[in-house]
Amino acid sequence: MDGVAVGSLYALIALGYTMVYGTLQFINFAHSDIFVLGAWVSYTIAVGLGYALAGTQPPLYAGVLILVAAMATCGAVGFTVERLAYRPLRKAPRLNVLITAIGVSLFLQNVGQLKWFFGTQPQRMPSLIEDTILARFAGVQVHLVDLAAAGIALALMLVLDWLIFRTRLGRAMRAVSHDTSVAALMGINVDAVISFTFVLGSSLAAAAGFLYAMKYPGLNQPAHATWVLLGLKAFVAAVIGGIGNIRGAMLGGILIGFIEMFGAAYLSPHLRDIYVFSILILVLLVRPSGVLGQAVAEKV
Amino acid sequence: MRSSRLSPRLPLAVALIVSLASCGVGGAKSAGGAETPSGDPILIGHFGSMTGSEATFGQSTDNGIRLAIKEFNATGGLKGKKVELKTYDDQGKSQEAGTAVTRLITSDKVVAVLGEVASSLSLAGGRVAQQYGVPMISPSSTNPTVTQIGDMVFRVCFLDPFQGWVAAKFARENLKAEKAAVLYDQAQAYSKGLMDAFDKAFKEMGGTITTVQAYTGGDQDFSAQLTTIRQTNPDVIFVPGYYTDAGNVSIQVRKLGLTAPLLGGDGWDSAKLAEIGGSSIEGSYYTNHYSHQNPAPEVQNFVTKYKTDYGQTPDGLAALGYDAARLLFDAMGRAPALDGKSLAAAIAATKDFAGVTGKITIDAQRNAKKAAVVLEMKNGAPAYVTTIEPPQ
């Protein structure tokens with residue numbers, strides 16, 4: 001059950017990596033920081049609304065409200081990052097953009113630790129959903145929180161899938177990802193589409209951050225030590241699924257979640273990170289373009 | 001193409017010159033500070049985790065030290081000279097701890113160093129202090145290896161073999177536990193040492209260790225380890241980690257339906273433990289250096305003064321910081337000079353120093369032998385349960 005919940009969160013983050021890679025062919029290293037930001041924004045809003053730790057159980061709409069607010073905030077941050085940091089480098093060599101992404105990542109990590117943002121202390125996320133055990137079979141407990149996390153993540157992925165494969169905007173996104181300059185010639189506003197991609201990816205990461213904070217309410221700070229590793233695993237998920245491929249990212253996320261949880265439970269919890277990264281090496285050796293990826297001749 | 005290749009070098013060159021120039025200024029400043037004219041304050045250094053997941057450790061210790069300095073200066077300081085504190089944040093990272101101590105000694109020219117709480121960081125800082133021959137007192141690092149670095153490194157707290165023994169004794173005699181499970185942080189020398197000591201003592205006292213599980217500090221998911229622990233059905237779970245992890249562990253322990261109390265060490269000693277753990281940590285126990293509920297007048301005096309200055313109840317680390325600083329001043333008063341050798345000799349000669357965490361005598365291994373208290377988490381705060389004296 002943990003595998004499903006954590007896996008779908010990986011998938012949500014992986015989508016952001018893969019969408020940006022699909023359109024711009026670069027790895028947005030700041031993406032995992034947006035995920036962490038999502039968790040902290042959720043915490044700040046929840047506490048701001050007065051849902052303290054010991055308080056009464058908040059109503060269900062509070063959770064939805066916080067989720068939407070965190071998604072909107074991170075979407076705005078994602079938009080700003082793209083506008084200020086990446087767009088000026090649209091014509092620059094890819095390496096420059098990559099280094100900028102690392103810079104943005106460090107910037108977000110350190111600004112987040114400032115006193116007037118989130119500070120340097122770990123915090124406890126107020127519980128918004130009552131953590132009841134719904135069912136039990138063969139020693140497996142099905143927790144409401146896990147089910148909600150997986151459910152919300154799945155719903156968001158379905159919405160995204162519909163958006164990309166069934167709407168005009170989605171067609172524009174796919175066109176830009178296929179060939180930016182031809183898409184521009186066809187009258188597609190490429191900058192707007194790229195901005196939208198960032199907003200979408202960032203808000204999905206924020207949703208993942210919110211759900212993660214629900215499942216593991218002790219928020220560590222500074223976050224970079226542990227949380228960014230989660231972002232990295234999501235990146236692995238994107239690569240395993242085939243980077244640039246939306247459905248591949250979803251599959252990769254779930255796969256990684258299962259491998260990690262089963263490895264920890266049945267082999268040894270000490271090596272949980274090793275399983276994930278060994279799978280990455282294995283996939284890169286056997287199928288470098290990922291499980292669902294298509295081998296594309298590199299345009300030089 | 002050519003011009004675009006050239007242009008990035010210009011700002012780089014400018015940046016290089018600027019940074020070199022600022023280096024020069026910094027160097028000149030520290031060189032000026034080296035010739036301390038008489039009448040200038042005596043500088044002592046503190047390195048601690050002021051930020052990070054063990055941030056309250058550094059902050060509490062620093063508060064304790066500052067309170068001790070304030071009192072010392074108010075009573076005239078050392079032969080008319082005031083003492084000043086220089087604190088550097090090591091962010092809870094060993095490489096930063098080494099850098100912080102190097103900076104304190106070589107650039108600020110401190111006469112002695114106080115710090116750290118975490119044993120791994122004291123080990124990193126202690127090696128530097130030993131190398132430069134400047135005495136260092138760790139207020140609260142309990143791992144035995146810390147003072148084995150050399151003759152410049154001291155501590156004012158008890159050691160992990162004793163603390164682990166206390167936890168085992170408490171579990172066997174007070175909690176009547178037969179079976180104990182252990183979940184420790186494999187990345188911390190402190191946690192590993194405490195686990196070993198508990199494991200040994202608990203078995204000697206006739207108990208059984210059902211399983212020993214490990215995590216890495218900062219992990220958020222402990223479900224695999226805890227599921228294994230649940231299968232062994234222990235009476236008590238020993239979690240000798242730091243408070244952030246212990247809080248997170250407690251949430252998942254209760255989520256999995258385990259009802260056995262958790263037992264921890266002084267690494268739990270933070271107000272954040274109750275904040276993160278919430279209702280899950282209630283009814284769990286930990287061993288500590290002191291209890292603010294101790295009715296002894298010197299303890300209550302300290303608690304009152306600390307509350308007036310900082311508006312919060314001092315935890316064990318604040319008390320140890322306070323004791324470490326006061327013990328250092330006591331030694332400074334007795335030392336003929338403030339060079340590393342004389343000061344270290346004076347600290348080593350400390351006998352029956354009355355601290356708020358108990359009487360401190362520095363032994364031949366530069367350690368302190370003291371009693372430990374056991375606290376229980378009740379209504380979001382630690383409550384005094386019992387005191388356990390070292391075996392004679």
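**Strands and helices of chains A and B**

In chain B, strand β9 (residues 262-264) and strand β10 (residues 285-288) run parallel and are joined by 2 bridges. This pairing comes from a predicted model, and it makes a handy way into the architecture of chain B. Across the pair, B:Leu263 has B:Tyr285 of β10(B) opposite it. The side chains of β10(B) split between two directions: B:Tyr285 and B:Thr287 point one way, B:Tyr286 and B:Asn288 point the other way, and all are buried. This fits the general pattern, since side chains in a regular strand alternate between the two faces of the sheet.

On its other side, β9(B) meets β8(B), and these two pair in the parallel sense over 2 bridges. Here B:Ile237 stands opposite B:Leu262 of β9(B). Both pairings belong to an open sheet of 7 strands in chain B, ordered β7-β6-β8-β9-β10-β13-β14, in which the pairing is mixed. Its edges are formed by β7 and β14 (381-388) of chain B, each of which pairs on one side only. Neighbouring strands of this sheet are turned against each other by 25° on average, direction ignored.

Towards the β7(B) edge, β6(B) and β7(B) run parallel and are joined by 7 bridges. Within this pairing, B:Leu183 of β6(B) has B:Gln213 in β7(B) as its bridge partner. Of the 7 residues of β6(B), 6 are buried, so this strand is largely enclosed by the rest of the structure. A helix also belongs to this part of the picture: α9(B) lies across β6, β8 and β9 of chain B and runs at about 170° to β9(B).

Chain B holds a further open sheet, this one of 5 strands with parallel pairing, in the order β2-β1-β3-β4-β5. The edge strands are β2 (83-89) and β5 of chain B, each pairing on one side only. Between β1(B) and β2(B), the parallel pairing extends over 7 bridges. One of the residues involved is B:Phe47, whose bridge partner in β2(B) is B:Tyr88.

Two helices of chain B can be followed in some detail. Helix α5 (residues 119-132) of chain B has 14 residues and reaches 20 Å from its first C-alpha to its last, close to the 20 Å expected at 1.5 Å a residue. How much of this helix is buried? Of the 14 residues of α5(B), 10 are buried, so the helix is largely enclosed by the rest of the structure. The buried set includes B:Leu121, B:Leu123 and B:Val128, along with the glycines B:Gly125 and B:Gly126. These buried residues pack against strands β1 (42-48), β3 (113-114), β4 (136-138) and β5 (153-155) of chain B, as well as helices α4 (94-107) and α7 (189-204) of chain B. Just beyond the helix, B:Gly133 adopts a positive phi of about 70°.

The helix α7(B) has 16 residues, which should span 22 Å at 1.5 Å a residue; its end C-alpha atoms lie 23 Å apart, which agrees. Its buried residues include B:Tyr190, B:Leu194, B:Met195, B:Phe198 and B:Phe202. Among the elements covering the buried residues of α7(B) are α5, α6 (160-174), β6 (179-185), β7 (208-215) and β8 (236-238) of chain B. Like α5(B), this helix is followed by a glycine with positive phi: after α7(B) comes B:Gly206, with a phi near 95°.

Chain B also touches chain A, with 22 residues of chain B in contact with 20 residues of chain A. On the chain B side, the elements giving two or more residues are α8 (223-232), α9 (243-255) and α10 (271-277) of chain B. The largest share, 5 residues, comes from α9(B). By type, the residues on this side of chain B divide into 5 nonpolar, 13 polar and 4 charged.

Chain A itself comprises 11 helices and 4 strands. Of its 300 residues, 52% are buried. Among contacts in chain A with a separation of 6 or more, 76% join residues 24 or more positions apart. One helix pair illustrates the packing: α5 (residues 144-166) and α8 (residues 190-215) of chain A meet at an angle of about 175°, with their axes 9 Å apart. The two helices are therefore roughly antiparallel to each other. Residues making the contact include A:Val145, A:Ile152 and A:Leu156 of α5(A) and A:Leu204, A:Leu211 and A:Met214 of α8(A). In all, the contact residues divide into 9 nonpolar, no polar and 2 charged.

How values were computed:
Residues are numbered from 1 along each chain as its sequence is written. Chains are lettered from A and ligands numbered from 1 in the order in which they are written. This is a predicted model: local features need pLDDT of at least 70, side-chain atom pairs count only at pLDDT 80 or more; totals for chains, interfaces and linings use all residues. Axes are lines fitted to C-alpha atoms, for helices over the stretch in contact, and angles run from 0 to 180 degrees between N-to-C directions. Angles under 35 degrees count as roughly parallel, over 145 as roughly antiparallel, 65 to 115 as roughly perpendicular and the rest as oblique. Two residues are in contact if their C-beta atoms, placed from the backbone, lie within 7 Å. Ala, Val, Leu, Ile, Met, Phe, Trp, Tyr, Cys and Pro count as nonpolar, Asp, Glu, Lys and Arg as charged, and the others, Gly among them, as polar. A residue is buried if 20 or more other C-beta atoms lie within 10 Å of its own, exposed if 12 or fewer, and partly exposed in between; C-beta atoms are placed from the backbone. The expected span of a helix is 1.5 Å times one less than its number of residues. Two strands pair if DSSP finds at least two bridges between them.
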